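Got the viewer open and a selection tool ready? Follow along, and at each stop pick the residues named before reading on.

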Amino acid sequence: MQGILIGGKRFVHETEIRVRFCETDANKHVSQVSYVIYFEQARTEFIDSLIGEDFDWWSERYSLVLARQSISYLAPAYFRQVLKVYTGIASIGRSSLNLYHLVIEKEHGTLIANQDSTIVLIDQETQRSHAWPDSFRERVKALLNDDVS
């Protein structure tokens with residue numbers, strides 16, 4: 001997973017989303033709440049692609065919790081547009097993962113929104129954070145933005 005560079009940051013995953021009518025508001029553009037769902041979809045697909053079959057992060061035992069997010073809305077998107085959500089990794093902690101995302105309109109390349117977020121792996125039995133498996137940690141370290149010049 002080599003990724004692409006945008007604005008000096010490496011993005012290692014891409015999710016494509018076609019805007020549905022129900023995701024728009026009275027102003028005929030994508031509602032702010034829809035972006036939260038788009039970012040969640042991108043995070044989920046990214047984590048699934050990285051973990052694979054090695055670890056079931058969505059089970060009776062574990063789950064991911066969104067601990068923090070910051071979204072900047074830069075331009076409107078509209079019904080039927082195709083958006084690309086790019087995901088990159090800022091850092092990994094013992095049980096946390098800091099990500100960044102960009103939403104770009106596919107046809108014209110317009111930057112629509114960006115997000116920074118922190119997710120935490122939670123043990124459902126103890127309701128406490130749980131360390132990432134070593135195999136996941138190694139995959140993430142190989143994708144960190146640190147080696148981008």
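Before the first selection, one term: contact here means heavy atoms within 4.5 Å. Also keep in mind that this is a predicted model.

**Stop one: Thr 87.** Select Thr 87, which sits in strand β5. Leaving out residues up to four places away in sequence, Thr 87 touches Phe 11, Val 12, His 13, Ala 42, Phe 46, Leu 99, Tyr 100 and His 101. Is Thr 87 buried or exposed? Its relative accessible area is 0%, so Thr 87 counts as buried.

**Stop two: the rings.** Now pick Phe 11 and Tyr 86. Their rings make an edge-to-face aromatic pair, with 6.3 Å from centre to centre and 70° between the planes. In sequence the partners are 75 residues apart, so to speak a link between distant parts of the chain: Phe 11 belongs to strand β2 (residues 9-11) and Tyr 86 to strand β5. Both Phe 11 and Tyr 86 are buried. Add Tyr 100 to the selection, and you have a cluster of Phe 11, Tyr 86 and Tyr 100 linked by ring pairs. While you're there, show Lys 9: this residue lies over the face of Tyr 100, 4.5 Å from the ring centre. Across the model, the count comes to 6 aromatic pairs.

**Stop three: strand β3.** Select residues 13-18, strand β3, and show the side chains. His 13, Thr 15 and Ile 17 point to one face and are buried, while Glu 14, Glu 16 and Arg 18 point to the other face and are not. In a regular strand, side chains alternate between the two faces of the sheet. Next, bring in β5: the two strands run antiparallel and are joined by 6 bridges. Look across from Glu 16 and you'll find Lys 84 of β5 standing opposite.

**Stop four: the cores.** Which residues have the most contacts inside the largest nonpolar core? Select Phe 46, Ile 47, Ile 89, Leu 97, Phe 136 and Val 140; the core has 17 residues in total. The elements giving two or more residues to this core are α1 (32-51), β5 (82-92), β6 (96-105), β7 (111-123) and α2 (134-143). Of these, α1 gives the most, with 4 residues. Zoom in on Phe 136: setting aside neighbours within four places in sequence, its contacts are Ile 47, Leu 50, Ile 51, Ile 92 and Leu 97. To finish, select Ile 17, Val 19, Ala 42 and Val 103, which are among the 14 residues of a second, separate core.

Note on methods:
Residues numbered from 1 in each chain as written. Predicted model: local features only at pLDDT ≥ 70, side-chain atom pairs only at ≥ 80, totals over all residues. Heavy atoms only, no water. Core = buried A, V, L, I, M, F, W, Y, C linked by side-chain atoms within 4.5 Å. Buried < 20%, exposed > 50% of the residue type's maximum accessible area, 1.4 Å probe, protein only. Phe/Tyr/Trp six-rings, centres within 6.5 Å; stacked < 30°, edge-to-face > 60°. Lys NZ or Arg CZ within 6 Å of the ring centre and 35° of its normal. Pairing = 2+ DSSP bridges.
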